[in-house]
Structures are given as C-alpha cells and as structure tokens.
Amino acid sequence: MKNTDEKIIHLLDKVLQITRYIQWQINKKTGISPLSAQIIEYLGNASRDLRTPAKIAEELGITRPTVTEALKSLIKKGYIKEKVSPKDKRFKILYLTEKGKKLLKNSNLNYKDILKKSIKNTDKAQKENLFYSLINFVADLNKRGILPIARICFNCKNFEKNKFEGSKKPHYCKLLKQRMGNFDLNVNCEENLKRRSLWVKK
Ligand code: SF4
C-alpha cells in the first residue's frame, strides 16, 4: 500500500475495529446485541440531558424506532431504567442500573479506557497533531452530513478561525469572549449543546 490516503483509511479502520471487537465480546458474554452494547456504553458516558431516547437516536445516528426497541429490551433485561426528568415531566431520562454499570466496568465496554492507554504512550507533539487532524476530519464528516452531531468550534457561529493569525492563540470564541489555540478548541461544547441556533447551517 503506497498511497497515503489509503494508508490513513486502513489505520482508521483498525481503530474502528476496537469498538466492533468490544461489542462482539459483550455479545458473546451476555447475548445482548452490538447496538445494545453501544447504548450501554453511551449511557455510561453521556451527561443527563443527553440521555433521553431522542438524544440517544440523534447522537448515535440511528432511527427512533430502532432505539425504542433496543431500550425496551435493555430495560427488560435489567441493564437500564428510565425516570421522569426532574426538569420537564414530559421527558424520560435513561440510567444504567447496577447491573448495567457492572457490565460496563467488567467487560472493557468502555473503549475510552483502552484508547486512553495508547494516547498516554504518544508524545505531546504527536498528540497535538493527532488532535488537530481529527477535529478537522470530524468537522468535514459533519459538514457532509455523515456525522449528524458534532458540537465543535469549527461548526459554531461563534467561532472566528484565525482572527489573530500568527499568534499562539489565533482563534476566537465570540460567546465566551476567549482567544483559543489549536488545542483549546472545544469538541463537545456545553454552550453549543444548549443552543442549536449556534450550529452553522449545512
Ligand atoms: S461556543 Fe463553544 S463551540 Fe462555539 S466557538 Fe465557543 S467554545 Fe467553540
């Protein structure tokens, strides 16, 4: 393989295999589907506002009926439970039960822990380059409609790229009134989460 683009695609595919591997391990041990494993992993890491059925469907890029079916099965098997939102009684928030938390903890379902070890073994400059390449990559996938949700600075109306070109912190967030370096860029912005109106229209 000589073409650099092809090599990058091959390497990204290797990284993606981690989640597939974990989901199959879970499936082997528990019989729950890879999608259910993905939902458990998601619920173990997402903030409360992102744990409604609608948000799960949106964030994971799957249809509402598919999510509803998977949630029903996970509730029946005792891995998750639902409670009425304390903020708004019209919404239900999903939680992992003790059984769900145990599964997440014992089965390496949390791929973030696996990746964390490899990232820790990467030197600072490589890490920074990787971060900047990945954020550009995600922004492009989002722009093309392939990744429906990406709350990153590049897609935000408040972001002014290279406003102070040539300086250590060349970018600017109009909302937070803050200058930002390449590695200060936000990848899961709370402000962006609160207001959809901040997203750049595609
Ligand atoms: S509001 Fe958040 S996403 Fe938007 S530019 Fe500021 S930090 Fe970035």
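Gly 31, the residue that follows helix α1, has a positive phi, near 85 degrees. The model is predicted, and this glycine comes after a helix that takes in residues 4-30. The 27 residues of α1 reach 40 Å from the first C-alpha to the last, close to the 39 Å expected at 1.5 Å a residue. Within α1, the buried residues are Ile 22, Gln 23 and Ile 26.

The protein chain as a whole holds 8 helices and 5 strands. Read from the N terminus, its elements follow the order α-α-α-α-β-β-α-α-α-β-β-β-α. The C-alpha trace spans about 55 × 50 × 30 Å along its principal axes. Of the 202 residues in the protein chain, 18% are buried. Among contacts in the protein chain with a separation of 6 or more, 41% are between residues 24 or more positions apart.

In soluble globular proteins, nonpolar side chains tend to be buried together. Here the largest nonpolar core has 18 residues, and the ones that touch the most other members are Ile 40 and Ile 80. Two or more residues of this core come from each of α1, α2 (34-45), α4 (64-76), β2 (92-96) and α5 (98-106). A second core, separate from that one, has 7 residues, including Cys 153, Cys 156, Leu 185 and Cys 189.

Helix α5, one of the contributors to the largest core, has Gly 100, Leu 103 and Leu 104 as its buried residues. These three cover an arc of only 95 degrees around the axis, and therefore lie on the same side of α5. An α-helix has 3.6 residues a turn, so residues three or four places apart point the same way. The buried residues of α5 pack against α1, α2, β1 (80-84) and β2. On the other side of α5, the exposed residues are Glu 98, Lys 102, Lys 105 and Asn 106.

The remaining topic is the ligand. Around the ligand there are 12 residues, of which Cys 153, Cys 156, Phe 159, Cys 173 and Cys 189 come nearest. Cys 153, Cys 156 and Cys 189 also belong to the second core. By class, the shell around the ligand consists of 8 nonpolar, 3 polar and 1 charged residues.

Definitions and conventions
Residues numbered from 1 in each chain as written. Predicted model: local features only at pLDDT ≥ 70, side-chain atom pairs only at ≥ 80, totals over all residues. Helix = DSSP H or I, 4+ residues; strand = E, 2+ residues; numbered from the N terminus. Expected span 1.5 Å × (residues − 1). Buried ≥ 20, exposed ≤ 12 C-beta atoms within 10 Å, placed from the backbone. Core = buried A, V, L, I, M, F, W, Y, C linked by C-beta atoms within 7 Å. Near = placed C-beta within 6 Å. Nonpolar A, V, L, I, M, F, W, Y, C, P; charged D, E, K, R; others polar. Arc of directions from axis to C-beta. Contact = placed C-beta atoms within 7 Å.
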